[in-house]
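Here is a friendly walk through one chain, best read with the model open beside the text. Let's begin with a pair of strands and work inward from there.

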Amino acid sequence: QVRLADSGGGLVQPGGSLRLSCAVSGRTLSYFATAWFRQAPGKEREFVGGMSWTGRSTYYRDSVKGRFTISRDLDQSTVYLQMNHPLPENTAIYYCALHDRRFATIETGIEHYNFWGQGTQVTVSS
C-alpha cells in the first residue's frame with residue numbers, strides 16, 4: 001500500500017549539486033515527518049536530515065548544515081534532498097523514510113521510520 005520511490009542519484013563532482021527525489025504514495029505526506037538517511041559501504045546507516053510533518057521545520061546533522069536542504073511538494077507528494085557542494089565522503093546510498101506516527105516530530109533513529117525507499121546511489125568524485 002505504502003511506497004516510497006527515491007531517485008536522482010548519480011555521479012557528481014565536488015562543488016557540483018544534485019537533487020534527490022522521493023515520491024510517496026499510499027500515505028498523506030502532510031501528516032508525517034520525513035527523513036533522509038545514508039549508508040556508505042561498511043558503515044551504519046546514518047541520519048542526514050528530516051522535515052516535520054508541517055513542513056515548517058527541518059533538522060540536519062551538523063556535517064551537512066548549510067549544504068543540504070530538504071523540501072517537499074505536497075501536490076506532487078514528493079520530498080527532495082538538495083545536495084550542494086557534496087564531498088567525497090558523502091558518497092553513499094541515500095534512502096528516504098516516512099515516520100511511523102502521524103504528527104510526530106523529526107527523530108534521528110532508524111527505528112522510528114517504518115517505510116523506506118529502495119535507496120539511490122550518490123557518488124561524489126572528480
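## A pair of strands and their sheet

A good place to start is A5, whose bridge partner in β3 is A23. Please keep in mind that this is a predicted model. The two strands involved, β1 and β3 (residues 17-25), run antiparallel to each other and are paired over 5 bridges.

Stepping back, these strands belong to an open sheet of 4 strands, ordered β1-β3-β8-β7, with antiparallel pairing. At its edges stand β1 (3-7) and β7 (68-73); each has a single partner strand, so one side of each is left without a neighbour in the sheet. On average, neighbouring strands in this sheet are turned by 15° against each other, if direction is ignored.

## Two nonpolar cores

Which residues touch the most other members of the largest nonpolar core? They are L20, W36, L81, Y94 and V122, in a core of 26 residues. Several strands each supply at least two residues of this core: β3, β4 (32-39), β5 (46-51), β7, β8 (78-84), β9 (92-102) and β11 (120-124).

There is also a second core, separate from that one, with 6 residues. Among them are A35, F37, F47 and Y113.

## The disulfide

How many disulfides does a search of the whole structure find? The search turns up 1, and C22 and C96 form it, with their sulfur atoms 2.1 Å apart. In sequence the two cysteines are 74 residues apart, so to speak a link between distant parts of the chain: C22 sits in strand β3 and C96 in strand β9.

Looking at the geometry, the link of C22 and C96 is right-handed, with 70° about the S-S bond. Are these two cysteines buried or exposed? Both C22 and C96 are buried.

## A closer look at T120

Let's finish in strand β11, where T120 is found. T120 has a relative accessibility of 9%, and therefore counts as buried; the cut-off for that term is under 20%.

What does the side chain of T120 reach at 3.0 Å? It is the backbone nitrogen of G9. Setting aside the neighbours within four places in sequence, T120 is in contact with D6, S7, G8, G9, L20, A92, I93 and Y94. Two residues in that list, L20 and Y94, were met above among the residues that touch the most other members of the largest nonpolar core.

Conventions:
Residues are numbered from 1 along each chain as its sequence is written. This is a predicted model: local features need pLDDT of at least 70, side-chain atom pairs count only at pLDDT 80 or more; totals for chains, interfaces and linings use all residues. Side-chain values use heavy atoms; hydrogens and water are left out. Two strands pair if DSSP finds at least two bridges between them. Axes are lines fitted to C-alpha atoms, for helices over the stretch in contact, and angles run from 0 to 180 degrees between N-to-C directions. A nonpolar core is a set of buried Ala, Val, Leu, Ile, Met, Phe, Trp, Tyr and Cys residues joined through side-chain atoms within 4.5 Å. Buried means under 20% relative accessible area, exposed over 50%, partly exposed in between (1.4 Å probe, protein chains only). A polar contact is a pair of N or O atoms within 3.5 Å; within protein, one must be able to donate a hydrogen and the other to accept it, and residues adjacent in sequence count only if both atoms are side-chain atoms. Contact means heavy atoms within 4.5 Å. A disulfide is a pair of cysteine sulfur atoms within 2.5 Å.
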